[in-house]
Amino acid sequence: MAENSATTELRQLQAFDIEDSRDDVNSQSPYKCYDDDGRPKRTGTVWTASSHIITAVIGSGVLSLAWAIAQLGWIAGPTVMLLFSVVTFFTSSLLADCYRVGDPDTGKRNYSYPDAVRSILGGVNVKLIGIIQYLNLFGITIGYTIAAAISMMSIKRSNCFHSSRGKNPCHMSTTPFIIIFGATQCFLSQIPDFDQIWWLSIVAAFMSATYSLIGLVLGIVKVAETGEFKGSLTGVSIGTVTQAQKIWRTCQALGDIAFAYTFSVVLIEIQDTIKSPPSEAKTMKKATLISTIITTTFYMLCGLMGYAAFGDMAPGNLLTGFGFDNTYWLIDIANAAVVIHLVGAYQVFSQPIFAFIEKKASQRCPRIKKEFRIRIPGFSPYNLSLFRLVWRTVFVMITTVISMLLPFFNDIVGVMGAFGFWPLNVYFPVKMYISQKNIAKWSGKWICLQLLSLTCLLLSVVAVTGSVAGVLLDLKKYKPFKSDY
């Protein structure tokens, strides 16, 4: 998931006061410069929306796809990936119809996913979507911490190996690198609105494209060198792993693939950038189709070429499988791109949690909003909030400690993918669509939609179970704070 970069752009685009904007329409600018809700006229097209979605989707999740394909094999692997893409496109189309309440052309707009849930479903659903979203964001920050640490360690190992001319195996632990990443985030988390820096999304998009393309190219080169496509029709064979491990890994692979497609949280925000007419829903459905085809093609290439290159031995993080040969400098560039990308991505995903807690805390105790103005020579004065300093530092410390205790990138990706896919990608879009379109209970359409939701729920439960089992199996042989690689 690279939701980080697209979300950054969208928050910038939506940083307007809704209540005051209608007065501005009459007093400051011609009406034609504003949309029906009083906000500046939207200019997005099917192509800008497609680019936002692609930027949101392609991220560190692509690195685990070769491993996922390896567990499923040449038949089930591509089939499952196609099924996830079809389901994601279908439910995203349902969600597009929920951007406006009532009339698809003139109804009240929803500016975000939670807004849509609040206006269409209301009640306990609003709290439920909030809990799921914040837990999902929390888990993603842990996954990003682990991924960044693995990439930093890989660079260090590569340089160590080559400086010793292959004599030193350079075994290392991820723990020091997790601490370095955590310390960096402690500093960055004190920068107000860091996630809204205008150039952050550009850097993130460039970095995610860099490491993804390098991984793909290296996979193609490795296949060309060996002259064979490794792997089998059924994936990792029993013998290489135990029967129990085969079952759990197969389930976990579903979670890894689901993680790559969990991007519905930003779809309504992207839709809110689209101009009309035609209706935003029509444009968004076209953009979703285009972006789903492009991302699925890219995922297929990365996952299948990675599996073809490594076969049953495909690593959980594709970049760690290419070793320390003469292309080590290129792998170092890819790993550096991962680190740079995830430094910003961590902040983008943690800022909503920061904002939520700080808002609730200030409502209960307004005095904690007090800030101290600190003058820094050569820079603008910095407003220091003691509550922000303590709370955000504690949050980063918690994610850092958990990452040190559970440094299993693949397992965490599987858990978060499985946890977020059904409720965010399927359940709420289906439920909102049924309510929005007043679909009769027990009608044919209602039954089909409920069967889809139930099927995806079962898949998510299976994937969560497999991913948790993977964590438990790894914990049996893992010694905290010891050498991992």
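User: What counts as a cavity, and what counts as its lining?

Analyst: A cavity is a set of grid points where a 1.4 Å probe fits but cannot get out, and its lining residues have an atom within 4 Å of a point. The general idea is simple. Rolling a probe the size of a water molecule over the atoms shows where empty space is left. Keep in mind that this is a predicted model.

User: How many cavities of 30 Å³ or more does the search of the whole structure find?

Analyst: It finds 3. The largest holds about 60 Å³ of space.

User: Which residues line the largest cavity?

Analyst: Start with Ala96, Asp97, Tyr99, Arg100, Gly102 and Pro104. Then add Gln271, Glu280, Ala281, Gln436 and Lys437. Sorted by class, this lining has 4 nonpolar, 3 polar and 4 charged residues.

User: And the second largest cavity: what is its volume, and what lines it?

Analyst: Its space comes to about 40 Å³. The lining is made of Ser60, Gly139, Ile140, Gly143, Tyr144, Phe259, Phe409, Ile412, Val413 and Met416. Helices α6 (124–163) and α14 each give at least two of the lining residues. By class, the count is 7 nonpolar, 3 polar and no charged.

User: Let me step back to the fold. How many helices and strands are in the chain?

Analyst: The chain has 15 helices and 4 strands. It runs to 485 residues, and 53% of them count as buried. For the contacts, look at sequence separation. Among contacts with a separation of 6 or more, 82% join residues 24 or more positions apart.

User: How do I read the length of a helix, say α15?

Analyst: Compare the end-to-end C-alpha distance with the span expected at 1.5 Å a residue. Helix α15 covers residues 444–477, which is 34 residues. From first C-alpha to last, α15 reaches 51 Å, close to the expected 50 Å.

User: Which residues of α15 are buried, and what covers them?

Analyst: The buried residues of α15 include Trp446, Leu449, Ser453, Cys456, Ser460 and Ala463. Further along come Gly466, Ser467, Ala469, Gly470, Val471 and Asp474. Their cover includes α4 (65–96), α9 (243–261) and α14 (409–436).

User: What is in the largest nonpolar core?

Analyst: That core has 121 residues. Ile257, Tyr299 and Met432 have the most contacts inside it. Take Tyr299 as the case to inspect. Beyond its neighbours within four places in sequence, Tyr299 is in contact with Val57, Ile58, Val62, Leu65, Met81, Ala260, Tyr261 and Leu304.

User: Is Gln133 buried or exposed?

Analyst: Check relative accessibility against the cut-off: buried means under 20%. Gln133 has 15%, so Gln133 counts as buried. Gln133 sits in helix α6. Setting aside neighbours within four places in sequence, Gln133 is in contact with Pro114, Val265 and Leu424.

User: Which backbone angle should I look at for Asn438 and Trp442?

Analyst: Look at phi. Asn438 is not a glycine, yet its phi is positive, about 50°. Trp442 is not a glycine either, and its phi is positive at about 70°.

User: Where do Asn438 and Trp442 lie, and are they buried or exposed?

Analyst: Asn438 is in the loop between α14 and α15. Trp442 is in the loop between α14 and α15 too. Here the cut-off for exposed is over 50%. Asn438 has a relative accessible area of 67%, so Asn438 is exposed. Trp442 has 62% relative accessibility, so Trp442 also counts as exposed.

Note on methods:
Residues numbered from 1 in each chain as written. Predicted model: local features only at pLDDT ≥ 70, side-chain atom pairs only at ≥ 80, totals over all residues. Heavy atoms only, no water. Expected span 1.5 Å × (residues − 1). Buried < 20%, exposed > 50% of the residue type's maximum accessible area, 1.4 Å probe, protein only. Contact = heavy atoms within 4.5 Å. 1 Å grid on protein atoms, 1.4 Å probe; cavity = no way out; pocket = protein on both sides within 12 Å on 5 of 7 lines; lining within 4 Å. Points joined across faces, edges and corners; volume = space filled by probe spheres on them. Nonpolar A, V, L, I, M, F, W, Y, C, P; charged D, E, K, R; others polar. Core = buried A, V, L, I, M, F, W, Y, C linked by side-chain atoms within 4.5 Å.
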